[in-house]
Amino acid sequence: MPFHRSPLRTLTALGAALFTTLAGAQGWPSKPITLVVPFAAGGPTDVVARLLGGAMTTSLKQTVVIENKTGAGGTIAAGAVARAAPDGYTFLIHHNGMGTAPSLYRKLTYNPLTDFEYVTQVVDVPMTLLGRKDLPAKDFKELLAYLKANAAKVNLAHAGLGAVSHLCGMLFRQAIGVELTTVPYQGTGPAMNALLAGQVDLLCDQTTQTTQHIKAGSVKLYGVTTLQRLKTLPDAPTLAEQGLPGFQVVVWHGIYAPKGTPKEALDKFGAAIKAALKDPAVGPKLAELGAITVSDDKLTPAGLQTWLQAETQRYAPVIKAAGQFAD
Ligand code: MLT
């Protein structure tokens, strides 16, 4: 028997089609946008994402939902975003881990250089080498002596292979020639909680999380990982000036979307990030936490792409020499 649509069903279908067309014509964004953070809530990447997301929710008139997708040093989140629908509603904030993962992981489920659209770089963030408050060493010189004498019982927290806390810890161990036991967490948010609770001894982490704890005196600060001292922590010596010449780890952040995401969404999300960085409630707060907004040439898709390519090549020999890999 032939199928006849009732007039009511035809009208309903026409209405639905019209609604879809109108929603599309309204342009992007017409629903909440997800910004995936590859580490735990409360940590430094999360701090940057939530500050930006708050301002962007206002400017885009749609909620920017922060989703913490943890695991495997940020590679689980990056893989999930690479495979997400390229509809303009999923973005990723990630750091140096996008450049180190291809050398660290033998079986990476995505290619950082080909599976994403690039939106922009965001901020650069220095790191700090911290100890638990009651660690016996009162300064860096004493720390070195303490580590050499107690290597077997000292542990260093980090956020997994691919995390910058791991990279910093690995470079530090190499520089001082002492093997330390490492303890992985799902992000440096929980790693910092463990340090504050005295459950781990050392953590190298970004100033976007550590500044408040350093200022409160709840951790010991042994040095900063930039070549120059920081304006925000002027009394803190660099590791380079304390006997580790050239020791430098600066964390850079980029925003990515799945390959094929519409240009309108990429352009508008990028413009909203730039506006958020200039927002009086965001820019000064980030600066107070030691974050530095990148120069205008890096605040572009090409700026991020070129930087990622260079970083991927730069890290490959360093990681090969360190010989730390995962499947
Ligand atoms: C975090 O947000 O937890 C950190 O960026 C992790 C890391 O050390 O890379």
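**Backbone geometry and the ligand site**

K61 lies in the loop between α2 and β2 (64–68), and in this predicted model K61 has a positive phi of about 60° although it is not a glycine. A second backbone feature is found at P29, a residue of the loop between α1 (7–25) and β1 (33–37), where the peptide bond from W28 to P29 is cis, with omega near 0°. For context, most residues other than glycine have a negative phi, and most peptide bonds are trans.

The helix α2 also takes part in the ligand site, since the elements that give two or more residues to the shell around the ligand are α2 (44–60) and α6 (164–176). The residues around the ligand are F39, P44, T45, H95, A159, A163, V164, S165, G187, T188 and Q206; by class, this shell comprises five nonpolar and six polar residues, with no charged residues. Domain 1 (31–124 + 251–322) and domain 2 (126–242) both give residues to the shell, and the ligand therefore lies between them.

Polar contacts to oxygen atoms of the ligand are made by both side-chain and backbone atoms of the protein. An N or O atom in the side chain of T45 is 2.6 Å from an oxygen atom of the ligand, and a polar backbone atom of V164 is placed 2.7 Å from a ligand oxygen, while for Q206 a polar side-chain atom lies 3.0 Å from an oxygen atom of the ligand. Taken alone, the ligand exposes 270 Å², of which the protein buries 100%. The space that the ligand takes is the largest cavity.

Note on methods: Residues numbered from 1 in each chain as written. Predicted model: local features only at pLDDT ≥ 70, side-chain atom pairs only at ≥ 80, totals over all residues. Heavy atoms only, no water. Near = heavy atom within 4 Å. Polar contact = N/O pair within 3.5 Å; in protein donor to acceptor, adjacent residues only side chain to side chain. Areas by Shrake-Rupley, 256 points an atom, 1.4 Å probe, with all protein chains shown as cover. 1 Å grid on protein atoms, 1.4 Å probe; cavity = no way out; pocket = protein on both sides within 12 Å on 5 of 7 lines; lining within 4 Å. Sits in = over half its atoms within 2 Å of the grid points. Helix = DSSP H or I, 4+ residues; strand = E, 2+ residues; numbered from the N terminus. Nonpolar A, V, L, I, M, F, W, Y, C, P; charged D, E, K, R; others polar. Domains from an automatic or database assignment.
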